[in-house]
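Let's take a walk through this model together, from the overall build of one chain down to single residues in the other. Keep the viewer open as you read.

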Amino acid sequence: MAIGVKVVERPIAQTSYVRATLSGLANTLRNLVGEHKVTMQYPEQKWDLSPRWRGTHRMLTTEDGKAKCVACGLCPTVCPANCIKLVPGEDEEGNRYPLVFEIDEFRCIFCGYCQEVCPEEAIHLGRHYENSEYSREGFVYDLERLTAQTHPVTEMWDPADPKGE
Amino acid sequence: MIFTVLATLQAVVDRQQPARFWPWLTITVVKLLLVFTVYMLGVAYLTLAERKISAWIQRRLGPNRVGPRGLFQPLADGLKNIMKEETMPAHVNKAIFVIAPMLSFIPALMVWAVIPFAAPWASRWGRIEMVLADVPIGFLYILAISSLGVYGIVLAGWSSNNKYALLGGLRSSAQMVSYEISLGMSLIPVLLLAGNVTLSAVVNQQAQFHMWNVLLLSVSFVTFLISSFAETNRLPFDLPEAESELITGYHTEYSAMKFSLFFIAEYANMVTASALIATLFFGGWDIPFMSADNAGAVSGLLVLLSAVIFIAKVLFFLFFFIWVRWTLPRFRYDQLMSLGWKVLLPLAIAYIIIVASLILALDMAGMQRGFTYGLILFAVNAVLLFILFFVLDRGRIVSPAYRGASVVELAHLRGITAARARLTSQGGGVH
């Protein structure tokens, strides 16, 4: 006999196969007739996302349709996944703007630091999750794409209201 | 020839006498087509029923995209399987590999030939039995044919040249051989009571007692039910295809329509098993609380009603098969064997002796076969079932490993367990 086999003294109700089977059948039948179905019919029904849901990015724009970004370089610095590529430019009046602003959504870990660090409230994460693509290149969002997206943006965590109530 | 048909059509015949040759032939062909169509459609929709019921039991919705409420799902499945590429792995034994699905599919269909699905019809051409072939060997034929189905599975496992498939086939053959015996043994009490193996005789006997065999021979019903679960490879006896251990067992290497045939065969076997349970233990087409349907051949309306009753009974057992599948986990292999050989077989044999002596005693006492006779049988069965379920069923049925240990060994093991627990609680483990 093998050493250390655990032997349990079970009550009769547990060692009886027929009675256990019958109670199991009753259990499944209760679930069968119960109306509570948990399936969500996905394309028609969708989850209500939390206001703090961190999904794919959006770049907010000023009234004249330009990106709010001033190419300060804080977000590529803070980004732990190193997924933001920023090449700054400057116009005649000395205003800085991004020449290239790309986010590789494949590398992104959706931590939300870029949104937190942004002094202009330009780059945001979004309440959005349907972002499949046919190629890896499709996941590198350039400035045009980031400004064109319209989904609602993520709200930051508010220390005064930690549970978001 | 056509004149012969017309002549027989016009002839006035005794409606209780068997029909003459030409009407008989025509109606048999019609019955064949009808039964085959209904049967195959039923099998197709059974796959949908299984998916739906399993979903409901798990509080899901189940397939609901193809057609209204998912009703065309079987068509989509069939189309998919036909369009799919037939893979032929390089290492298989080709001839046997191709023939195995057919071998498992055909016996499942053949069994239906002898199952009576409605009351005999008193038509204008004479009495017409509502069974494809009312052969005198009756359920012996069913036992013979249904045990052929195992060849398909064993050969599939063998020809695949794959270790998992082979193990599945081996398990299947061992399981079928074990449970075939208790299946056959549980039918002997039915035979004793009916005195005849034809299924229509069994149905008539149940009508004569005004009581179904499930009450007259309850223990037989229980053993037959469990054995037929094992024979159809349904959970909790689906060891031949145990996904978690054997991938999918004997049909691991199969794809497309060849795989589909195994699948259809499983469901066809389920329908057959349900029809057998309904016929042997639940009165077949016998309409409950009504005696008009048992007066020999009956009118068309009653035939239809009895067919509906029969289908309802079969559907109930199909539901039961599915219901049990989504309730019970799979047996371990030693549990399977000990249940078959150490529980069901002795039980069935002991029950044969009890029923035989009881029938002999009652017949010698000069009692007429009828309702009172049935009540006595029922009382005995109730006592036996009580003993079986509430006294004998204590850890013996499915825990052979536990029961196999002697008292001394158990004490020893408990000592070791306790010592380990002590050591662990003191901070030192056993390494």
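Chain B holds 16 helices and 2 strands. Please keep in mind that this is a predicted model. Taken along the principal axes, the C-alpha atoms of chain B fill a box of roughly 95 × 65 × 40 Å. Of its 431 residues, 41% count as buried. Among the contacts in chain B with a separation of 6 or more, 76% join residues 24 or more positions apart.

**The core and its helices**

The largest nonpolar core has 101 residues. Those with the most contacts inside this core are B:Met130, B:Ala268, B:Val271, B:Ile277, B:Phe281 and B:Leu318. Helix H11 of chain B, residues 256–281, provides the largest share of the core, with 15 residues. A separate core of 18 residues lies apart from this one, and A:Cys83, A:Ile84, A:Cys118 and A:Ile123 are among its members. As a general background, nonpolar side chains tend to be buried together in soluble globular proteins.

Which residues touch B:Phe281, leaving aside its neighbours within four places in sequence? They are B:Trp212, B:Asn213, B:Val214, B:Phe221 and B:Phe224.

B:Ala278 is also found in helix H11 of chain B. This alanine is buried, because 28 other C-beta atoms lie within 10 Å and the cut-off for burial is 20 or more. Beyond its neighbours within four places in sequence, B:Ala278 is in contact with B:Gly284, B:Phe310, B:Lys313, B:Val314 and B:Phe317. If you would like a distance to check, B:Ala278 and B:Ala194 are 15 Å apart in space, C-alpha to C-alpha, and 84 residues apart in sequence.

Helix H12 of chain B covers residues 300–325. This helix has 26 residues and reaches 38 Å from its first C-alpha to its last, close to the 38 Å expected at 1.5 Å a residue. The buried residues of H12(B) include B:Phe310, B:Lys313, B:Val314 and B:Phe317, which also appear in the list of contacts of B:Ala278. B:Leu302, B:Val303 and B:Ile322 are also among the buried residues of H12(B). What covers the buried residues of H12(B) includes helix H2 (21–57), strand E1 (121–123) and H11 of chain B.

**Strands in chain A**

Now over to chain A, where the mean pLDDT is 84 and 89% of the residues reach 70 or more. Confidence in this chain is lowest in helix H1 (residues 12–15), at a mean of 64, and highest in helix H3 (residues 74–78), at 91.

An open sheet in chain A is formed by 3 strands in the order E2-E3-E5, with antiparallel pairing. Strand E2 (84–90) and strand E5 (140–141) of chain A each have a single partner strand, so they stand at the edges and one side of each is left without a neighbour in the sheet. Strand E3 (residues 96–104) of chain A pairs with E5(A) in the antiparallel sense over 2 bridges. In E5(A), A:Tyr141 is the bridge partner of A:Ile103.

Is strand E1 (residues 55–59) of chain A largely enclosed or largely open? It is largely enclosed by the rest of the structure, because 4 of its 5 residues are buried. E1(A) pairs with strand E4 (residues 123–126) of chain A in the antiparallel sense over 4 bridges. One of the bridge pairs joins A:His57 to A:Leu125 in E4(A).

**Loop residues in chain A**

Three loop residues of chain A can be compared by their C-beta neighbours.

| Residue | C-beta neighbours within 10 Å | Class |
|---|---|---|
| A:Phe110 | 17 C-beta neighbours | partly exposed |
| A:Glu121 | 11 C-beta neighbours | exposed |
| A:Asp48 | 7 C-beta neighbours | exposed |

A:Phe110 lies in the loop between E3 and helix H4 (113–117) of chain A. Although A:Phe110 is not a glycine, its phi is positive, at about 55 degrees. A:Glu121 is found in the loop between H4 and E4 of chain A. Phi of A:Glu121 is near 50 degrees, again a positive value in a residue other than glycine.

A:Asp48 belongs to the loop between helix H2 (17–33) and E1 of chain A. From A:Asp48 to A:Thr61 the C-alpha atoms are 26 Å apart in space, with the two positions 13 residues apart in sequence numbering.

Notes
Residues numbered from 1 in each chain as written. Chains lettered and ligands numbered in written order. Predicted model: local features only at pLDDT ≥ 70, side-chain atom pairs only at ≥ 80, totals over all residues. pLDDT = per-residue confidence, 0-100. Core = buried A, V, L, I, M, F, W, Y, C linked by C-beta atoms within 7 Å. Buried ≥ 20, exposed ≤ 12 C-beta atoms within 10 Å, placed from the backbone. Contact = placed C-beta atoms within 7 Å. Pairing = 2+ DSSP bridges. Expected span 1.5 Å × (residues − 1).
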